[in-house]
Amino acid sequence: MPPFDRNPWPLRLERRQKPSAAMRIWSSPLAALAMLATGLLVFAALGKDPLAAFRVFFIEPVSSLYGVGELLLKATPLMLCAQGLALCYRANVWNIGAEGQLTLGAITGGGVGLFYGAALGHWVQPVMLAAGVVGGMAWAAIPAFLRSRFRTSEIFVSLMLVYIAQLLLSYLVHGPWRDPAGQNFPQSQPLPDNALLAPLLDGTRVNVGFIIALLLSALCWWFGKTTAAGFRMRVGGLAPAAAAYAGISERGNVWLALMISGGSAGLAGICEVAGPIGMLQPVVSPGYGFAAIIVAFVGRLHPLGVVLASLLMSALYLGGESAQMELQLPASVSGLFQGTLLFYLLAAELFIGFRLRRVRRAPAAAPASA
Amino acid sequence: MNLATWVTIVASAVGAATPLMFAALGELVTERAGVLNLGVEGMMLVGAMSGFAVGVSSGSLWLAYLAAAVAGILIALVFGVLTLSLQTNQVATGLALTLFGVGLSAFAGRSFVGLPIRPLTALHIPLLTDLPLIGPLLFHYDPLVYLSLLLCALIAWMLKRTRAGLRLRAVGESPAMAHALGEPVTRIRYLAVLFGGAMSGIAGAYLSTSLTPMWTEGMSAGRGWIALALVVFGTWKPWRVLAGAYLFGTVTVLQLYAQGLGVHVPSEFLSMLPYAATIVVLVVICRDPKTILLNQPASLGRSFHPGY
């Protein structure tokens, strides 16, 4: 008998007649629960009381108004980046360089705030935010151009541009943009007061960026659901051949997806610089652009899902900081949880299209494959 | 610039190329079986961390490389179970593997940051190494450099000339056809993914025990992604991947010596070179659609469910 792929397990995967609607909704919560269980096990293995660790990680950070503000503040860049990425991935455009587009937005927007802050007066904030959007778009235009003109994979190009953007920022704050009064620290002058985004509520740090992120989420929903361009992008992602036959331009989809995601990532960058950071420094993001990839998937590439997933991811960041201070756990524990969450999610998504069936071994005489 | 400096430059270019070679050759075998594993960066970091940790604790570098390979295999196994048994999207799972590897290595390696390690030493072959010029250029590297060349030859021969290589390529070109002919598609793909994991692990350990003998978070700095791009650059052929790796090794090293060569450009711009070069070579390769169409494994990145 030829060596067929024999299934050694007592269960087998069977393709469903049609995708399960229930699993479509429950896959993300299931993955979050599985991650939580794993997290508690890790805490126990590290010799910490799991329940106390759970309280420190998830409850304490959000038990004050300031804490809730921090939750929304950290969710802002994640939501901005992830809405754009979700749009890209649905159109089968694999932009993984949101971190670089965010950095460029921080540079261009921050540059406007630093050098034209006084001259622009009341107009500085809108101009600065627009400059951030343009910066992110310009950075995303490189993979868009190279893919639509030379068929170069946007995965590699957008990722390589992350490193280039970070080096560019590092050059600026070590060199020409360094604060002369900054005691040789690699950082720019603080942004002028009129360029800083004011907190929405006294006693918190969350700013107008969060409102913009929510508006963008609503806009993405409207765009995907009702506009022809949104429909073309979905078709291009689901069935490229059918889309081409129907005359939908692949180049148009690639450009639109990358412009939207680049622009929103750039906006996330300037909101960080003009918000909690208040100046340019060598590192403006603890990997928000990469975490946003996870957010987009955990949100099942749906605008509402992305809003919820960015709050969850923001809670993971806050919990990591809190665990670092109170339990002396390394901050990298959040990175570990983020990766684990995505694994569980991908595994849970399997059950949308497949189900588990117990294998009934056929009698020996039956044919080997059905 | 005298002759001795140029010899040093060549020698360090070979050193910089070696981890790229290991990672790219492993990924090449994985991709020839039709599986796109974008988790090379994550597997390299896990390999770098576990190799360093075992090397420091045991004092034996051979154990370190063994541990790195095993760690690479284990984390590649996670990718294999998800994509091959559970049919998840290969691109998304590969990204998840990288993000997970970055987090895991940073978390597990935190107590090893800043520790010293005795790095891998160069071979000294009597007579040959002592030859003027040729000795330091050809016969004064650590064993892993020669191993990477040997593996390149072995993989090229295996893919082209052996039955095992033919079966691997068949699975990558048309898994349905290979399945119909009785090939164990899933098993062959598992083996290819695990081989890629072991090679990435070794590549990572080479970073942390030879190239820059220390462990820091995220020390691979995009080398895993450059290795992935090298596979495309080499059009899925081992010898071209080798050439690409040495080209990139040279670019990486030249930025370090550029100041000495009289190039006065801020160091940040020189550090951008390998990343910018990756983009440029990808554009050059992809410009002609036939290059990719003729050389890329036809089923690269597509799941296969045998249906029992």
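**Backbone outliers, helix packing and the A–B contact**

A:Arg300 counts as partly exposed, because 19 C-beta neighbours fall inside 10 Å of this residue, whereas a residue is classed as buried when 20 or more other C-beta atoms lie within that distance. The structure is a predicted model, and in it A:Arg300 adopts a positive phi of about 50° although this residue is not a glycine. Its position is the loop that joins α11 to α12 (303-326) of chain A. A positive phi in a residue other than glycine also occurs in chain B, at B:Trp236, where the value is near 60°. B:Trp236 likewise belongs to a loop, here the one between α10 (223-233) and α11 (238-257) of chain B, but with 22 other C-beta atoms within 10 Å B:Trp236 is buried.

Helix α11 of chain A, which precedes the loop of A:Arg300, packs against helix α3 (residues 65-90) of chain A at an angle of about 55°, the two axes being 8 Å apart. The two helices are therefore oblique to each other, and α3(A) passes α11(A) in a right-handed crossing. On the side of α3(A), the contact is formed by A:Pro77, A:Leu78, A:Cys81, A:Ala82, A:Leu85, A:Ala86 and A:Tyr89, which meet A:Tyr288, A:Gly289, A:Ala291, A:Ala292, A:Ile293, A:Val295 and A:Ala296 of α11(A). By residue class, this contact comprises 13 nonpolar residues and one polar residue, with no charged residue.

Between the chains, the contact draws 43 residues from chain A and 43 residues from chain B. On the side of chain A that touches chain B, the elements giving two or more residues are α5 (124-150), α6 (154-174), α11 (288-298) and α13 (333-353) of chain A, so that α11(A) takes part both in this surface and in the packing with α3(A) described above. The largest share, 12 residues, is supplied by α13(A). The residues of chain A on this side divide into 28 nonpolar, 11 polar and four charged.

As to the confidence of the prediction, chain A has a mean pLDDT of 85, with 95% of its residues reaching 70 or more. Among the elements of this chain, the highest mean pLDDT, 93, belongs to α5(A), and the lowest, 74, to strand β1 (residues 11-15). Over residues 365-370 of chain A the pLDDT is below 50, and this stretch has four contacts in the model beyond near neighbours in sequence.

Methods
Residues numbered from 1 in each chain as written. Chains lettered and ligands numbered in written order. Predicted model: local features only at pLDDT ≥ 70, side-chain atom pairs only at ≥ 80, totals over all residues. Contact = placed C-beta atoms within 7 Å. Helix = DSSP H or I, 4+ residues; strand = E, 2+ residues; numbered from the N terminus. Nonpolar A, V, L, I, M, F, W, Y, C, P; charged D, E, K, R; others polar. pLDDT = per-residue confidence, 0-100. Axes fitted to C-alpha atoms, helices over the stretch in contact; angles between N-to-C directions. Parallel < 35°, antiparallel > 145°, perpendicular 65-115°, else oblique. Left-handed = near helix turned anticlockwise from the far one by under 90°. Buried ≥ 20, exposed ≤ 12 C-beta atoms within 10 Å, placed from the backbone.
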